[in-house]
Amino acid sequence: MPLIVLPTSRLLWVRVAALVFTCVAFSVAAHGAWLPHGGMADWCIFCWAFSFAFTLLVLLVELFGLQARAPVSWNNFPITIACYASLLCLSASVIFPLFFLKDQRPTGEVRDYRIAATVFSCLAAVAYVVEVSLTKAKPGEVAGYMATASGLLKVCQTFVACIIFILVSNPVSYEHHAALKWCMAVYCICFILSMAVVVLCVGEWTSLLPVPFSKFLSAYGLLAVIMYLTATIIWPVFQFDKHYQRSRQASPKVIAVAVLTALNFLLYLADLAYTARLVFVSA
């Protein structure tokens with residue numbers, strides 16, 4: 001019996017391509033791009049390193065046929081990693097050129113290294129999007145929850161919330177009014193609950209809930225939509241209205257938070273619609 005299984009599939013080669021692209025991206029950036037320590041440079045390196053490490057883990061487990069021994073649900077784990085990796089690499093592909101090519105305008109070899117890191121980051125993002133499209137649940141197919149549209153939306157919700165946390169924390173932009181603190185509470189509560197759903201599904205612990213998982217999803221989805229609706233209204237009112245503004249002009253980060261709040265509201269609304277259709281129409 002062979003120790004290593006080498007399936008000849010598109011999915012294998014897509015994962016190998018993503019592994020190579022992320023490896024090249026962070027290697028080139030760390031070697032010759034002369035990036036400053038901290039800030040967005042560390043974020044981009046983290047995006048590529050995280051994606052590379054977990055893609056390598058998925059490849060090794062599948063090549064050695066260890067799925068049954070893995071302490072997680074293998075129907076949910078690989079696609080969850082691929083979805084997070086696609087979002088991480090996409091964010092790095094946008095942030096890296098904006099901060100380290102457009103503003104700084106390096107010359108010579110440093111610029112070449114930074115361009116190469118950007119190109120391979122974009123290629124990695126495309127490879128992970130292809131992996132997600134290959135592994136997501138098809139209509140009528142029995143698959144893990146994270147492979148469904150609702151599961152993928154949970155990943156997007158938590159990722160957008162993480163970006164919001166980064167934007168509102170440096171500088172802190174929610175402490176000058178109680179209504180903005182409510183918005184921050186909305187971001188935190190919904191992030192924790194969405195991440196809890198992801199962890200429960202990947203760990204196969206949904207049976208530990210005191211209520212049926214479908215009912216939990218429906219109740220939480222409705223609560224999250226209502227909470228994000230209030231944040232979508234309150235954040236721009238108390239940040240952009242002249243009566244509540246601390247400065248005459250809203251910062252780009254504050255505007256970005258308003259846009260991302262509205263985006264997450266739409267993601268939760270779509271999630272609720274999908275969950276309601278799955279629970280009530282199917283029933």
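This passage describes the helices of the chain, how they pack, and a few residues picked out along the way.

The structure is a predicted model, in which local features need pLDDT of at least 70 and side-chain atom pairs count only at pLDDT 80 or more, while totals for chains, interfaces and linings use all residues. Residues are numbered from 1 along each chain as its sequence is written, and side-chain values use heavy atoms, with hydrogens and water left out.

The chain has eight helices and zero strands, where helices (H or I, at least four residues) and strands (E, at least two) are DSSP runs numbered from the N terminus. Read from the N terminus, the order of elements is α-α-α-α-α-α-α-α. Of the 283 residues in the chain, 44% are buried; here buried means under 20% relative accessible area, exposed over 50%, and partly exposed in between, with a 1.4 Å probe and protein chains only. Contacts (heavy atoms within 4.5 Å) reach well along the sequence: among those with a separation of 6 or more, 78% join residues 24 or more positions apart.

Helix lengths offer a friendly check on the geometry. The expected span of a helix is 1.5 Å times one less than its number of residues. For H4 (residues 108-135), with 28 residues, this gives 40 Å, and the end C-alpha atoms are 41 Å apart, which agrees. H6 has 25 residues and reaches 36 Å from its first C-alpha to its last, close to the expected 36 Å.

H4 also shows how a helix can share its faces. Val110, Arg114, Ala117, Thr118, Ser121, Ala124, Ala125, Ala127, Tyr128, Glu131 and Val132 are buried in this helix, and its buried residues pack against H1 (10-32), H2 (39-63), H3 (77-102) and H5 (149-169). An α-helix has 3.6 residues a turn, so residues three or four places apart point the same way. Val126 lies in H4 too, but Val126 is exposed, with a relative accessible area of 52%. The C-alpha atoms of Val126 and Val14 are separated by 9.6 Å, although the two residues are 112 apart along the chain.

Two packed helices are described by the angle between their axes and the distance between the axes. H1 and H2 pack at an angle of about 145°, with their axes 9 Å apart; axes are lines fitted to C-alpha atoms, for helices over the stretch in contact, and angles run from 0 to 180 degrees between N-to-C directions. H1 passes H2 in a left-handed crossing, the term used if the near helix is turned anticlockwise from the far one by less than a right angle, with right-handed for clockwise. The residues of this contact divide into 16 nonpolar, three polar and two charged, with Ala, Val, Leu, Ile, Met, Phe, Trp, Tyr, Cys and Pro counted as nonpolar, Asp, Glu, Lys and Arg as charged, and the others, Gly among them, as polar. On the H1 side the residues include Leu12, Arg15, Leu19 and Phe26, and on the H2 side they include Trp48, Phe52, Leu59 and Glu62.

Arg15, placed in H1, counts as buried at 3% relative accessibility. Not counting residues up to four places away in sequence, Arg15 touches Thr55, Val58, Leu59, Glu62, Pro78, Glu131 and Thr135.

The largest nonpolar core has 80 residues, a core being a set of buried Ala, Val, Leu, Ile, Met, Phe, Trp, Tyr and Cys residues joined through side-chain atoms within 4.5 Å. Two or more residues each come from H1, H2, H3, H4, H5, H6 (178-202), H7 (213-240) and H8 (252-281), and H3 gives the most, with 14 residues. Trp48, Phe96, Met146, Ile164, Tyr187, Tyr228 and Trp235 have the most contacts inside the core.

Leaving aside neighbours within four places in sequence, Tyr187 is in contact with Ile164, Phe165, Tyr228, Ala231, Trp235, Val257 and Thr261. Thr261, found in H8, counts as buried at 1% relative accessibility. With the neighbours within four places again left aside, Thr261 is in contact with Ile164, Tyr187, Tyr228, Ala231 and Thr232.

Two loop residues complete the account. Ser173, in the loop between H5 and H6, counts as buried at 7% relative accessibility. The C-alpha atoms of Ser173 and Ser251, 78 residues apart along the chain, are separated by 9.7 Å. Glu204 lies in the loop between H6 and H7 and is exposed, with a relative accessible area of 54%. Most residues other than glycine have a negative phi. Glu204 is not a glycine, yet has a positive phi of about 60°.
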